[in-house]
Every structure is written in C-alpha cells, then in structure tokens.
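Biologist: Please show the model, and then we can go through it by question and answer.

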Amino acid sequence: MPVTEAQIGKIAELARLAIDEASVPAVTAQLNSILAHMDVLAKVDTASVEPVAGVGADGAPLRGDAVDPVPMSTTTPMLAPESRDGFILVPRLATHEEL
C-alpha cells in the first residue's frame, strides 16, 4: 500500500521530525520503495523452513565472560626509557612543572 505525501507529513509530525517541504517527495518515494520490498519479502514461502534453533523466549544461549590477559611481546623497559612497577614513567608537562 503506497504512502502519500500527506501521510509522510503526519508521520513526521508524530515523530517530531523536521522534514522540509522540498524533500517530502524524495522521502515518500524512498518509503514506498522500502514498503514495496517488504511486500516482495512477504510473498516468500517460508512454510518449509525450520525455525532458528536456540532463539526463543529465553533468547540465545550466551557464553561465559572469560578474559585472558594477552602477553606482551616486549618488556616494559624496551617500550620506554623509564618504568616502575610495570608502569611507564613519562616526564611532566612543562605547564605543570611548578606543582
């Protein structure tokens, strides 16, 4: 069922979208194209297709959150000239030297 430009204006008003009058014809054509595609998809025979397993009222099964640390290929002293307790030491900014 095609959408009219008046309906686009009403939809935009209800959704509180600012659509200028010059772009209403383009938006109408785009929405009608999308709806036409949905009509094509609705005609596809899915009677012989099995429902997707694992997705139901309970949702898809989730795996546990397990994070393993990624070992570094270099040591901290190789990354920076100064380090302490595994942290990289950086010089103070010139704007903060009087602190």
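Biologist: In what order do the elements of the protein run from the N terminus on?
Modeller: This is a predicted model. The protein has three helices and two strands. From the N terminus on, the order is α-α-α-β-β.

Biologist: What share of the residues of the protein counts as buried?
Modeller: A residue is buried when its relative accessible area is under 20%. The protein has 99 residues, and the share of them that meets this cut-off is 7%.

Biologist: How much accessible surface does the protein have, and what part of it belongs to carbon and sulfur atoms?
Modeller: The accessible surface of the protein comes to about 9,200 Å². The part that belongs to carbon and sulfur atoms is 62%.

Biologist: Which residues form a nonpolar patch on the surface?
Modeller: One member is Met38, which lies in helix H2, residues 24-42. Together the patch residues have about 360 Å² of accessible area. They are Ile34, Met38, Leu41 and Val44.

Biologist: Is Met38 buried, partly exposed or exposed?
Modeller: The relative accessibility of Met38 is 42%. Partly exposed covers the range between the 20% and 50% cut-offs, so Met38 counts as partly exposed.

Biologist: Which residues does Thr28 contact, leaving aside its neighbours within four places in sequence?
Modeller: Thr28 is placed in helix H2. Its relative accessible area is 8%, so Thr28 is buried. With those neighbours left out, the contacts of Thr28 are Val3, Thr4, Glu5 and Ile8.

Biologist: What is the phi of Arg16?
Modeller: Most residues other than glycine have a negative phi. Arg16 is not a glycine, yet its phi is positive. This residue, Arg16, lies in the loop between helix H1 (5-14) and H2. The phi of Arg16 is about 55 degrees.

Biologist: Is Arg16 buried or exposed?
Modeller: The relative accessible area of Arg16 is 77%. The cut-off for exposed is over 50%, so Arg16 is exposed.

Biologist: How far is the backbone nitrogen of Ala47 from a polar atom of the side chain of Asp45?
Modeller: Asp45 lies in the loop between H2 and helix H3 (76-79). At 60% relative accessibility, Asp45 counts as exposed. From a polar atom of the Asp45 side chain to the backbone nitrogen of Ala47, the distance is 3.2 Å.

Key. Residues numbered from 1 in each chain as written. Predicted model: local features only at pLDDT ≥ 70, side-chain atom pairs only at ≥ 80, totals over all residues. Heavy atoms only, no water. Helix = DSSP H or I, 4+ residues; strand = E, 2+ residues; numbered from the N terminus. Buried < 20%, exposed > 50% of the residue type's maximum accessible area, 1.4 Å probe, protein only. Areas by Shrake-Rupley, 256 points an atom, 1.4 Å probe, with all protein chains shown as cover. Patch = residues over 30% accessible without salt bridge, like charges linked within 9 Å, V, L, I, M, F, W, Y side chains within 5 Å. Salt bridge = Lys/Arg side-chain N within 4 Å of Asp/Glu carboxyl O. Polar contact = N/O pair within 3.5 Å; in protein donor to acceptor, adjacent residues only side chain to side chain. Contact = heavy atoms within 4.5 Å.
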